[in-house]
Amino acid sequence: MVVTFKVTGGERGDWAVLQVSGELDLVTSPGLRQHIHDVVAEGRHDLVLDLSEVLFCDSSGVGVLIAARRLIRSCQGSLRLILPAQGAAEGSHVNRVLGALGVRRLFDVHPDLASAVKDEAGPLSA
């Protein structure tokens, strides 16, 4: 089975949105990193990463997420992740990986795009 990695960009109000699908690993994570840098280079500092269709994430993928958080914060922006409890197939793999590593609390996590782009949105509890 071949899993295609794909990143598509868009906007929702003041937010840049990157929808990511497939496997986020050593081979594909540089592509996501480049998309994030491109968004920031365009002057967009409020970013939503929709990771609900990511089927696998290794340490290099987690590293990209942490680096994205650092980059966005250095620009006084906001980074929000969409990690639904039930996503992809049987649940959000990224959600489980971040939780297992103890870094999920670093991120502003939301169950869907509508809640992620609300101005008054607050993070889900970890």
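**Close-up views of the predicted model**

**Figure 1. Surface of the protein chain.** In this predicted model, the accessible surface of the protein chain amounts to about 6,600 Å². Carbon and sulfur atoms account for 52% of that surface. Of the 126 residues, 44% count as buried.

**Figure 2. Order of the secondary structure elements.** The protein chain holds 4 helices and 5 strands, arranged along the sequence as β-β-α-β-α-β-α-β-α. Taking contacts between residues at least 6 apart in sequence, 66% join residues at least 24 apart.

**Figure 3. The largest nonpolar core.** This core comprises 28 residues. L47, L49, L51 and L98 have the most contacts inside it. Two or more residues each come from the strands β2 (15-24), β3 (46-57) and β4 (78-82), and from the helices α1 (29-41), α2 (59-74) and α3 (93-101). In soluble globular proteins, nonpolar side chains tend to be buried together.

**Figure 4. Surroundings of L49.** Leaving aside residues up to four places away in sequence, L49 touches L18, L32, I36 and L65. The other residues that L49 touches are L79, R80, L81 and I82.

**Figure 5. The second core.** Separate from the largest nonpolar core, a second core has 6 residues. Among them are W15, V48, A116 and V117.

**Figure 6. Confidence along the chain.** The average pLDDT of the protein chain is 88, and 87% of the residues score at least 70. Among the elements, α1 has the highest mean pLDDT (97) and α3 the lowest (86). Residues 121-126 have a pLDDT below 50; beyond near neighbours in sequence, this stretch has 15 contacts in the model. Where pLDDT is low, the predicted coordinates should not be read in detail.

Note on methods. Residues are numbered from 1 along each chain as its sequence is written. This is a predicted model: local features need pLDDT of at least 70, side-chain atom pairs count only at pLDDT 80 or more; totals for chains, interfaces and linings use all residues. Side-chain values use heavy atoms; hydrogens and water are left out. Buried means under 20% relative accessible area, exposed over 50%, partly exposed in between (1.4 Å probe, protein chains only). Contact means heavy atoms within 4.5 Å. Accessible areas come from the Shrake-Rupley method with a 1.4 Å probe; for residues, only the protein chains shown count as cover. A nonpolar core is a set of buried Ala, Val, Leu, Ile, Met, Phe, Trp, Tyr and Cys residues joined through side-chain atoms within 4.5 Å. pLDDT is the predictor's confidence in each residue, from 0 to 100.
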